[in-house]
Amino acid sequence: MRTLAWIALRVYPFALLLLAWSLLSKYGILGNQFVMPSPGRVWETFKALVHDGTLGAETATTLQRVLIAYAMAIVAGIVIGTLIGRLRYVRLALRPIASFLFPTPKVALYPAMFIIFGLGSASKIAFGFSEALFPILLAAAAGTSQIEPRLLWSAAALGTPARAALVKVVIPAALPAILTGARIGLVGAIIGVYMGEMIAGGDGLGHVMADAYRTLHTADMYASIITISLIGFALDRVFLLARGWLLAWSAEEEAQAA
Amino acid sequence: MAQAPDAGTPARLGSRLAASAPALVLPILSVAILLGLWQVAPRAGWVRATSIPPFSEVMTQVWALLGEPEFWTNLAGSAQRWAIGFALAIIVGVPLGTMMGRWRPLYRLVDPLLVVGYPVPKAALILLFVLWWGAGNASRIVIIVAGCLIPIVISSYHGAHGIEPRLLWSARGLGTGRVGSWFRVVLPAALPQILSGLRLGIAISIFTLLASELLIRGIGIGSFMFTALDNGQTLVVFAMATILAVIGFALDFLYMRAVRRWLPWLEGDV
């Protein structure tokens with residue numbers, strides 16, 4: 001009975017969205033079939049796009065950019081964040097810059113990044129990177145600055161050099177906090193790349209969206225935005241699985257699993 | 001203030017100054033180095049001045065833009081739509097979120113929808129909204145609501161969900177009705193979480209505003225900036241990026257100042 005309820009809860013939002021969509025389309029509430037094609041028509045478009053290879057290729061392009069941007073943001077975020085969290089001088093020097101850039105809408109910098117990085121892949125990766133970096137960086141700074149001193153004393157007493165303790169003690173202890181920031185950053189990376197592809201196209205799922213809008217292939221627009229949302233949803237699930245595996249030792253994770 | 005009595009002796013004062021000198025110098029120094037690099041690099045030819053104009057030229061352009069009526073018309077257009085959209089998101093999001101926190105069936109009904117809606121790139125929806133409602137204010141306001149509704153609902157939910165049951169029992173025991181206890185107990189107790197959700201909402205809605213204006217041009221500050229990009233006005237692009245970055249930072253800063261000033265007992269919670 002419990003598993004049935006569990007499945008029902010997972011299926012229901014999709015079923016409800018499909019139902020609402022069918023009704024909106026059927027009765028032309030938001031517009032005619034052209035503006036709001038039925039789910040069936042979008043499904044046909046979707047199959048056609050998969051069949052001629054467009055969707056697979058564009059999805060691969062977008063996914064590749066997202067993963068590069070996200071990997072760069074994780075490495076840079078953890079390294080800079082840990083330095084800010086652990087070293088007073090670095091914190092003093094970088095805090096004004098980080099706290100200015102964190103709440104700043106990164107989209108305001110997109111045009112400047114286009115000028116600097118050009119209209120190709122580099123600028124789209126830069127958008128994803130800039131959206132993903134700060135949540136990770138701030139979480140790493142906060143997490144590493146709040147480590148129990150006893151953990152470090154024990155490591156030192158057992159003969160761990162300070163630098164090794166950074167990797168062996170500080171980062172693992174801050175991992176729950178870092179991963180919370182990293183989960184927010186993941187969606188940022190996806191949205192940054194997708195927006196970049198929409199603005200200055202060429203390839204990628206965002207380009208499919210913008211191009212379909214210009215050429216009035218409305219069904220393709222729905223196919224594109226549904227695909228990128230499903231990618232976001234799937235990557236978030238993968239992230240949660242990875243987090244469970246990485247934090248299997250921590251009390252927080254045990255409490256969540258229970 | 002426990003060390004106050006011996007802080008006056010010269011030796012102590014000296015060592016305290018020595019300890020706090022980096023705290024004063026380092027932040028200023030790092031910002032100065034960054035701006036200095038921005039100024040020198042294009043001049044010295046380390047980067048092309050056509051792709052990164054020097055800091056001083058960008059500042060001159062900022063000043064020039066601030067004197068242009070066209071800039072203010074576009075800014076006012078965006079600000080107005082943003083204010084309406086953000087207010088609508090609060091009016092819908094806070095009651096919905098707090099009710100989800102206090103009434104489990106509503107949570108079970110709405111939460112899966114939020115989970116599905118979370119990874120959708122909201123700003124891209126503007127193209128669909130334009131198909132449905134045209135390129136007017138309706139689409140441009142709804143996109144802002146869509147952008148910041150989910151974080152506002154989720155934080156309001158967490159705030160209301162975490163309330164000590166005893167607070168509500170006491171209120172009910174003292175004869176406060178359902179509606180009364182929502183206003184007098186649930187809302188105040190959930191306030192810190194709601195306010196931090198609004199802070200997130202500000203950031204996300206500014207993103208959505210600018211990104212949607214760049215996709216659908218019209219009167220608006222984002223359109224103004226991206227039209228400058230299309231026209232190859234690099235200097236205007238950098239000046240606008242600087243202005244918008246400062247506005248985004250200032251909104252967050254002023255919001256936090258306002259919360260600390262008017263709700264000082266919440267310090268540290270938001």
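Colleague: Which pattern does chain A follow, read along the sequence?

Modeller: This is a predicted model. Along its sequence, chain A reads α-α-α-α-α-α-α-α-α-α-α. The secondary structure amounts to 11 helices and zero strands. The C-alpha trace of chain A spans about 70 × 60 × 30 Å along its principal axes.

Colleague: What average pLDDT does chain A have?

Modeller: Where pLDDT is low, the predicted coordinates should not be read in detail. Chain A averages 87, and 97% of its residues score at least 70. Of the elements in chain A, helix H3 (residues 54-86) has the highest mean, 94, and helix H11 (residues 251-257) has the lowest, 53.

Colleague: Into which domains is chain A divided, and into which is chain B?

Modeller: Chain A has domain 1 (1-36) and domain 2 (38-257), with 29 Å between their C-alpha centres. Chain B has domain 1 (4-50) and domain 2 (58-266). The corresponding centres in chain B are separated by 35 Å.

Colleague: Let us take helix H1 of chain A. What length does H1(A) reach, and what is expected?

Modeller: A span can be checked against the rise of 1.5 Å a residue. H1(A), residues 2-26, has 25 residues and reaches 35 Å from first C-alpha to last, close to the expected 36 Å.

Colleague: Where does H1(A) bend?

Modeller: The bend is at Val11(A) and comes to about 35°. A proline, Pro13(A), follows within four residues. Just after the helix, Gly28(A) takes a positive phi of about 60°.

Colleague: How many of the 25 residues of H1(A) are buried?

Modeller: The count is one, and H1(A) is hardly covered. For contrast, look at H9 of chain B. Eight of the 10 residues of H9(B) are buried, so this helix is largely enclosed by the rest of the structure. They are Ile221(B), Gly222(B), Ser223(B), Phe224(B), Met225(B), Phe226(B), Ala228(B) and Leu229(B).

Colleague: What do the buried residues of H9(B) pack against?

Modeller: Their partners come from both chains: helix H5 (110-117) of chain A, and helix H3 (69-102), H8 and H10 of chain B. After H9(B) comes Gly232(B), with a positive phi near 75°.

Colleague: Which residue has a positive phi although it is not a glycine?

Modeller: Leu216(A) does, with a phi of about 60°. This leucine sits in the loop between helix H9 (205-214) and helix H10 (218-246) of chain A.

Colleague: Is Leu216(A) buried or exposed, and why?

Modeller: The neighbour count decides, with 12 or fewer C-beta atoms inside 10 Å meaning exposed. Leu216(A) has 11 such neighbours, so it counts as exposed.

Colleague: And Ile136(A), buried or exposed?

Modeller: The cut-off for burial is 20 or more. Ile136(A) has 29 other C-beta atoms within 10 Å and is therefore buried. Ile136(A) lies in helix H6 (residues 121-145) of chain A. Over the whole of chain A, 40% of the 258 residues count as buried.

Colleague: Which residues does Ile136(A) touch?

Modeller: Leaving out residues up to four places away in sequence, Ile136(A) touches Ala73(A), Ile74(A), Gly77(A), Ile78(A), Gly81(A), Ile178(A), Gly181(A), Ala182(A) and Gly185(A). Across chain A, of the contacts between residues at least 6 apart in sequence, 71% join residues at least 24 apart. Sequence separation and distance in space can also be read together: Ile136(A) and Lys26(A) are 110 residues apart along the chain, and their C-alpha atoms are separated by 44 Å.

Colleague: What is the C-alpha distance between Asp236(A) and Ile184(A)?

Modeller: They are 9.4 Å apart in space and 52 residues apart in sequence. Asp236(A) is in helix H10 of chain A. With 17 other C-beta atoms within 10 Å, Asp236(A) is partly exposed. Beyond its neighbours within four places in sequence, Asp236(A) is in contact with Leu186(A) and, across the chains, Pro119(B).

Colleague: How many residues of each chain are in contact with the other?

Modeller: On chain B there are 42, in contact with 45 residues of chain A. Helices H1, H4, H5, H8, H9 and H10 of chain B each supply at least two residues of the side that touches chain A. The largest share, nine residues, comes from H10(B). By type, the chain B side divides into 36 nonpolar, four polar and two charged residues.

Definitions and conventions:
Residues are numbered from 1 along each chain as its sequence is written. Chains are lettered from A and ligands numbered from 1 in the order in which they are written. This is a predicted model: local features need pLDDT of at least 70, side-chain atom pairs count only at pLDDT 80 or more; totals for chains, interfaces and linings use all residues. Two residues are in contact if their C-beta atoms, placed from the backbone, lie within 7 Å. Ala, Val, Leu, Ile, Met, Phe, Trp, Tyr, Cys and Pro count as nonpolar, Asp, Glu, Lys and Arg as charged, and the others, Gly among them, as polar. The expected span of a helix is 1.5 Å times one less than its number of residues. The bend at a residue is the angle between axes fitted to the seven residues ending there and the seven starting there. Domain bounds come from an automatic or database domain assignment. pLDDT is the predictor's confidence in each residue, from 0 to 100.
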